[in-house]
Every structure is written in structure tokens, then in C-alpha cells.
Amino acid sequence: MKVITVNTSPFDGQKPGTSGLRKPVQTFMQPNYTENFVQSILDVALVGRVSKDVTLVIGGDGRYFSKPAIDSIVAICAGNGVGRILVAHNGIMSTPAVSAVIRARKADGGIILTASHNPGGPNGDFGIKYNCDNGGPAPDQITNQIFARTKELTSYKTLDQVTGLIKIDQIGEQVVQYEGGQLAVEIVDSVNIYLDLLRTIFDFAQLRSFLATKKILIDAMNGVMGPYVKRILVQELGALEQSAIRCIPMEDFGGEHPDPNLTYAADLVNKMKVGDYDFGAAFDGDGDRNMILGRGGFFVTPSDSLAVLSDNLETIPYFKKNGVKGYARSMPTSRAVDLVASQNKVNVYETPTGWKYFGNLMDAGRVSICGEESFGTGSDHIREKDGLWAVLAWLSVLASVKVDSVETLLKQHWSKNGRYFYARYDYENCESEPCTRMMAHIKQTITDPSFVGQTFKSSNGVEYRVNEAFDYAYTNHLTGEIEGGGGHGLVILFNEGATRAIFRLSGTGSSGATVRLYLEQRESKNVNGNVDDYIKPLAEVALNISKLTQFTGRQAPTVIT
Ligand code: VG1
Ligand code: CO
């Protein structure tokens with residue numbers, strides 16, 4: 001085999017979003033589309049490195065088009081003289097496991113093939129994400145360089161043979177030989193590497209005895225998590241075989257939307273409602289998200305999950321040993337964890353949406369636990385959010401604190417700390433242009449000096465007085481620099497700041513636009529009240545300010561979480 005240079009020309013729009021480049025499968029299948037992006041990644045990743053000394057991890061959620069994409073990546077790695085790649089067995093390696101493998105094997109980075117919670121299959125989405133040597137998603141500075149490279153690329157380097165270079169179903173060492181060099185390939189079973197890491201974090205004996213007395217139901221949503229759930233929860237921790245459902249990874253996720261929330265994981269919620277289970281959880285396609293449910297389908301919002309775990313971290317051996325350095329949440333995540341932080345005298349950091357913004361804080365030893373309202377929770381054991389870690393963290397907490405249920409734990413937490421009632425409204429697949437105009441309208445309205453102090457009233461008579469409003473710009477907590485200058489969400493704070501509405505456009509969609517409206521209200525007395533009583537009037541007021549219905553034609557959200 002020989003290295004060849006293939007002429008190409010740039011494609012528009014290869015700009016990584018909140019988490020990698022995500023497009024319809026058909027877009028990635030165009031000749032040179034995937035190759036261009038991978039070459040651009042390598043052009044950035046290999047700067048300042050000796051290619052033959054470089055090790056990259058290649059994993060993903062196994063969705064449709066993963067195998068042809070892995071073939072292309074292997075050939076391009078060889079074409080660029082990369083020395084060694086660690087490839088996921090059968091292409092299956094969850095996003096948190098990729099992070100764990102990069103760190104455990106001291107690799108220089110990794111390429112993750114996933115569009116996460118976006119549906120898969122021939123008519124679904126595909127995605128490619130680059131992670132750095134800390135195991136975390138590349139920060140903006142790197143993804144901007146990759147994007148810049150995609151716009152000027154004229155050729156890529158590959159081999160004159162692309163398919164059949166590796167045997168992806170055979171664990172162990174292989175070599176791709178070509179004229180003038182070779183690429184060492186190791187097919188890895190990441191479940192073992194990931195399990196070894198979890199053993200250093202949790203007390204497995206405690207979890208095993210806890211699970212001997214409890215019934216749980218875990219839904220892998222036909223995504224990448226099946227093998228991890230079976231091996232770790234069932235084989236290692238003794239959960240019943242029937243506890244693990246939808247645990248065979250499918251290229252199209254069985255036609256489902258692999259997003260663990262009340263809408264797309266409704267099956268699990270219904271099973272929890274009728275069944276005799278103490279605890280339930282679901283993961284997304286690539287295994288970094290989690291949804292936590294208690295007996296009877298009691299829903300724990302991701303923001304509350306972050307707050308409760310933060311408040312109980314010391315029950316977990318890893319944190320007992322290493323201490324709790326700080327908490328972090330994305331800006332739209334509810335400020336429930338802030339209440340915990342002030343009680344426990346621990347710092348809490350606010351960052352823009354997307355896990356890539358937590359990386360430097362964890363690297364600097366400032367933060368031990370991070371969370372996002374979008375069902376992401378994780379800690380500094382790796383640099384990605386980690387669905388199964390969150391489940392084991394919850395089980396550890398439940399095993400350690402004396403409560404009879406998830407619901408009781410939440411109620412105790414609220415009565416001690418107060419509660420943020422919270423909801424996110426998503427308006428999916430809108431036309432892009434009107435959404436852009438709507439955001440401009442909102443920005444103009446809320447940044448007008450006359451906006452602060454105005455009072456709005458819902459139809460049921462609740463009053464909201466604007467306290468503060470702004471276009472959220474991120475000041476990097478470590479460098480003190482303002483990054484990007486806004487664009488991470490339009491924020492309106494009402495009533496002394498205890499009430500908040502945020503508008504933001506999604507950065508993970510593959511076409512059109514998705515508007516997200518985040519709503520929250522703090523309550524210290526009626527903590528067991530009804531979410532809708534707090535959220536609906538607030539939503540009405542926020543929607544009126546935004547003129548969302550006029551701009552998008554939408555009368556109601558497609559998903560509420
Ligand atoms: C969404 C979530 C964000 C999350 C991102 C990636 O982004 O809001 O919190 O980090 O998805 O998660 P956006 O830009 O669509 O709001 V995953 O599990 O899709 O990698
Ligand atoms: Co995901």
C-alpha cells in the first residue's frame with residue numbers, strides 16, 4: 001500500500017457546534033466530506049508533534065455510517081504518519097469511555113463518532129468530535145482552528161486502499177503496513193478500562209449489597225451503553241438481568257430518539273409508574289447523558305440531581321479521598337447547586353453551555369463536579385459528562401444516606417436548601433432565519449435601558465418585574481478574558497433575581513434551528529408545590545416578550561423537560 005494525496009475542495013459549514021460537527025448522515029456520506037473534516041482535525045492535532053509518536057483513540061456510539069467513517073479515519077491517520085491508534089472494538093466506545101481511555105493510555109487525543117442524542121440511521125444524523133489529550137472536548141480555540149482549516153483545505157492524505165485495513169471485531173494488536181511506514185492499531189475493549197476507573201471511585205462492595213435489596217430499571221435506549229450496563233451493573237454489581245433494558249446497541253437506535261428525557265424515554269417512565277422499582281435511569285446514544293427516576297417514576301431534574309449529588313459527594317470514596325474542590329454548572333442550569341455551594345462554603349463556577357467549558361476548570365483543580373440542565377452530570381475523574389458515573393453516584397448516595405426513596409431525599413434537600421422550580425421548553429426544527437430575527441428582537445428589547453424596571457403580568461395575575469437583563473458573555477474564570485462576547489444566551493432576571501428566563505439557540509442540531517427557553521423560579525416555603533404553577537405564568541410572560549409565536553409560528557414547545 002502507498003500513501004496518496006487526494007485533491008479536494010472545501011465544504012461550507014464544517015463548523016463544530018456545542019459538541020462537534022453534526023450533520024445528516026447523507027451529508028457526511030458525500031465524497032470527501034468526512035475525509036476533509038478528519039484531515040482538518042489532524043492538521044490541527046499534529047501541530048508541534050512528531051506524527052509517528054502520536055497516539056489517537058477512535059471511538060463512538062456505533063451509529064449508522066460509523067464503520068465506513070472508521071475505515072476512512074484509519075487510512076487518513078496512516079496517510080498522515082500517525083504512529084498508533086486505539087480503535088473501539090466494533091466501533092463501540094461511549095463518549096465517557098473515550099475520555100477515560102485517552103487518559104488511561106496517555107493518548108494525544110481522540111476522535112468520537114457520534115451525534116449523541118440525535119436520531120441515527122440512514123436518515124438520521126452523524127457527528128465527529130475531537131477530544132484533546134486531557135480527554136475532554138476541544139475548546140473553542142481548537143475547534144475554531146479546525147474550522148478555519150476546513151475552509152482552505154485543497155487535499156488530504158490517505159492510503160490507496162481504505163477498506164479492510166483493520167479487523168475491528170478482533171481485540172488486540174494489529175499493524176497497517178504501507179510503503180515507507182506503518183500504523184500500529186490496537187482494538188480495545190473499553191468496558192474493562194472504564195470499569196477499572198469506576199472501581200477507583202466507588203465502593204463496589206457497598207453498591208453490590210445495596211443492589212441486592214433494591215430493584216432498578218436501566219434503559220440504554222438501544223445506544224452505546226448496553227454493554228457497559230450489562231457488564232458493570234448486572235455482572236459486577238449484581239443487578240437482576242431484567243434490570244437492563246434496550247441494551248443491544250443498534251445503528252439506528254431502533255428508530256428511536258436516544259435522548260433520556262420525559263418525552264423520549266416515556267417508555268421507561270411508564271414502566272417505573274406501573275412497576276415495583278426503587279430506581280430508574282436512562283442514557284443517551286453515546287452514554288454521556290443520564291435521567292434519574294425514583295419509585296413511581298418520580299423525576300429528578302438534572303439541575304436538582306447536580307445539587308443533591310454535590311451536597312452528598314463525601315459519601316463517595318473518590319471525593320472522600322480527594323476532597324471536593326468546587327462545583328460548576330452551565331449558565332442555563334438551575335441555580336439549585338449555588339444554594340448548596342453557599343451552605344457548604346464551596347465555590348461554584350458558571351460557564352456557557354457545553355462540556356468543553358468545564359475542562360480547564362477541572363484541569364486546574366478548581367472543580368470536582370459539573371452539571372448541565374440537559375441531563376449531563378460528571379466529575380473530574382474524566383473530562384466528559386458521564387451517564388453511568390451519575391447512576392453509580394446516585395446509588396452510592398442512596399446506599400449511604402438514610403432515606404427510603406429518591407423522592408424523600410429530594411424533599412429533604414428542598415426543605416433544607418430551598419428549591420428552584422425549573423423547566424426547559426424546546427421548539428425544535430424551526431426555520432433558521434425567523435429564529436435569528438427573533439433572537440435579535442429579544443436582544444434589542446432586553447438590552448434597551450428602559451427594559452429594566454418594567455413589570456409584566458401573566459393572565460392569571462402573577463407580576464414579574466425586570467431586575468436585570470443581558471446577553472450572556474463568558475469571562476473565562478482562569479484567564480479573566482471575555483470569550484466570544486455574548487451569544488451564549490439572552491438572560492432576563494425578574495424579582496430580585498430569584499426568577500429567570502433565558503432564550504438560546506441550540507448548537508447541536510443538524511438543520512434548521514431549535515429555540516430553547518429555560519425557566520426557573522426560587523421558592524423557599526412551598527417547596528413541594530406544583531412545577532407548572534410556577535413555570536407556566538413565567539413562560540407566558542417570557543414568550544410574550546420574545547414574540548416567539550409571531551416569529552416561528554409555534555403555539556407550543558415540541559419538548560418540555
Ligand atoms: C445540547 C445541550 C448542552 C450539551 C450539548 C451536548 O446543546 O443543551 O447542554 O452540552 O447538547 O450534549 P445545545 O447547543 O443543543 O443546547 V450531547 O449528550 O448531545 O453531546
Ligand atoms: Co450525548
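# Side-chain contacts and a cobalt site

R84 has a relative accessibility of 24%, which makes it partly exposed, since that class lies between the buried limit of 20% and the exposed limit of 50%. The model is predicted. It holds 36 salt bridges and 14 aromatic pairs, and a cobalt ion (ligand 2) is bound by S116, D284, D286 and D288.

**Salt bridge E173 to R84**

- E173 and R84 form a salt bridge in which the closest N and O atoms are 2.5 Å apart.
- This pair joins distant parts of the chain, with E173 in strand β8 (residues 172-178) and R84 in strand β4 (residues 84-88), 89 residues apart.
- E173 counts as exposed because its relative accessibility of 53% is over the 50% limit.

**Salt bridge E407 to K411**

- In the salt bridge between E407 and K411, the closest N and O atoms are 2.7 Å apart.
- E407 and K411 both belong to helix α15 (residues 406-417), and because they are 4 residues apart there, about one helical turn separates them.
- E407 is partly exposed at 29% relative accessibility, and K411 is also partly exposed, with a relative accessible area of 32%.

**Salt bridge R516 to D426 and a network**

- R516 and D426 form a salt bridge with a separation of 3.2 Å between the closest N and O atoms.
- R516 is in strand β26 (residues 513-523) and D426 in strand β19 (residues 419-430), so this bridge ties together parts that are 90 residues apart in sequence.
- Both R516 and D426 are buried.
- A network of salt bridges links R329, R335, D338, E350, R500 and E520.

**Cobalt site**

- The cobalt ion (ligand 2) is coordinated by OG of S116 and by OD atoms of D284, D286 and D288, at 1.9 to 2.1 Å.
- The donor residues follow the sequence spacing S-x167-D-x1-D-x1-D.
- Of these donors, D284 and D286 are both buried.

**Aromatic pairs**

- The structure has 14 aromatic pairs.
- In one of them, the ring centres of F202 and W389 are 6.5 Å apart and the planes stand at 50°, so the pair is tilted, as this angle falls between the 30 and 60 degree limits.
- F202 sits in the loop between α6 (190-199) and α7 (204-212) and W389 in helix α14 (residues 387-400), so the contact ties together parts that are 187 residues apart in sequence.
- F202 is buried at a relative accessible area of 4%, and W389 is buried at 0%.
- F299 and F375 also form a tilted pair, at 6.2 Å from centre to centre and with 35° between the planes.
- The F299 and F375 pair links distant parts of the chain, 76 residues apart, with F299 in strand β14 (residues 298-300) and F375 in the loop between β17 (369-372) and β18 (376-379).
- F375 is buried, because its relative accessibility of 3% is under the 20% limit.
- A cluster linked by ring pairs contains F11, F28, Y33, F65 and F126.

**Charges over rings**

- K215 lies over the face of Y277, at 5.5 Å from the ring centre.
- R419 lies over the face of W414, at 3.7 Å from the ring centre.

Methods:
Residues numbered from 1 in each chain as written. Chains lettered and ligands numbered in written order. Predicted model: local features only at pLDDT ≥ 70, side-chain atom pairs only at ≥ 80, totals over all residues. Heavy atoms only, no water. Salt bridge = Lys/Arg side-chain N within 4 Å of Asp/Glu carboxyl O. Helix = DSSP H or I, 4+ residues; strand = E, 2+ residues; numbered from the N terminus. Buried < 20%, exposed > 50% of the residue type's maximum accessible area, 1.4 Å probe, protein only. Donors = N, O, S within 2.8 Å, 3.2 Å for Na, K, Ca; no water. Phe/Tyr/Trp six-rings, centres within 6.5 Å; stacked < 30°, edge-to-face > 60°. Lys NZ or Arg CZ within 6 Å of the ring centre and 35° of its normal.
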